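Let's take a walk through this one together, starting from the inside and working outwards. Have the structure open and follow along.

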Amino acid sequence: MSSTSLNASITPLNNSNYPIWKLEVTALLRTKGLFRLVNGTALKPTVKDGDSSSLEKLETYLDKLEQAAGILILTVGQDQRVQLSGME
């Protein structure tokens, strides 16, 4: 199943379905290894001077944050997206 079809199977968040949306989005984020970023339990890697490995870990972390943000935005209904304005 492609990521597009996974996102499409999520019931978009509206003003009355938060519990089911949360359950579905949590499951999706977990399947992609992104949930710990969203719930705040993943630690942001620190970069050590001259250590390309730590820089790579930070880049991966930041890429995953972008993926998680994209999933969250795309699974929120159009009428609710105004709540996300200014999110960067």
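What follows goes from the core to an aromatic pair, then to two further spots. Keep in mind that this is a predicted model.

Start with the nonpolar core. The largest one has 15 residues, and Trp21, Leu29 and Leu34 are those with the most contacts inside it. Three helices each put in at least two residues: H2 (18-31), H3 (35-39) and H4 (52-74). As background, nonpolar side chains in soluble globular proteins tend to be buried together.

Now zoom in on Trp21. Its relative accessible area is 9%, under the 20% cut-off, so Trp21 counts as buried. Who does it touch, once neighbours within four places in sequence are left aside? On one side of the sequence there are Ile10, Thr11, Pro12 and Leu13, and further along come Leu72, Thr75 and Val76.

Trp21 also takes part in the structure's 1 aromatic pair. Its partner is Tyr18, and the two rings are tilted, at 5.9 Å centre to centre with 35° between the planes. Because they are 3 residues apart in helix H2, about one helical turn separates Tyr18 and Trp21. Tyr18 is partly exposed, at 44% relative accessible area, whereas Trp21 is buried.

Another ring to look at is that of Phe35. The charged end of Arg30 sits over this ring, 4.4 Å from its centre.

Finally, move to the segment after H4, where you'll find Gln80. Is Gln80 buried or exposed? With 18% relative accessibility, Gln80 counts as buried. Not counting residues up to four places away in sequence, Gln80 touches Leu13, Asn14 and Asn15. Leu13 is also among the contacts of Trp21.

Methods. Residues numbered from 1 in each chain as written. Predicted model: local features only at pLDDT ≥ 70, side-chain atom pairs only at ≥ 80, totals over all residues. Heavy atoms only, no water. Core = buried A, V, L, I, M, F, W, Y, C linked by side-chain atoms within 4.5 Å. Buried < 20%, exposed > 50% of the residue type's maximum accessible area, 1.4 Å probe, protein only. Helix = DSSP H or I, 4+ residues; strand = E, 2+ residues; numbered from the N terminus. Contact = heavy atoms within 4.5 Å. Phe/Tyr/Trp six-rings, centres within 6.5 Å; stacked < 30°, edge-to-face > 60°. Lys NZ or Arg CZ within 6 Å of the ring centre and 35° of its normal.
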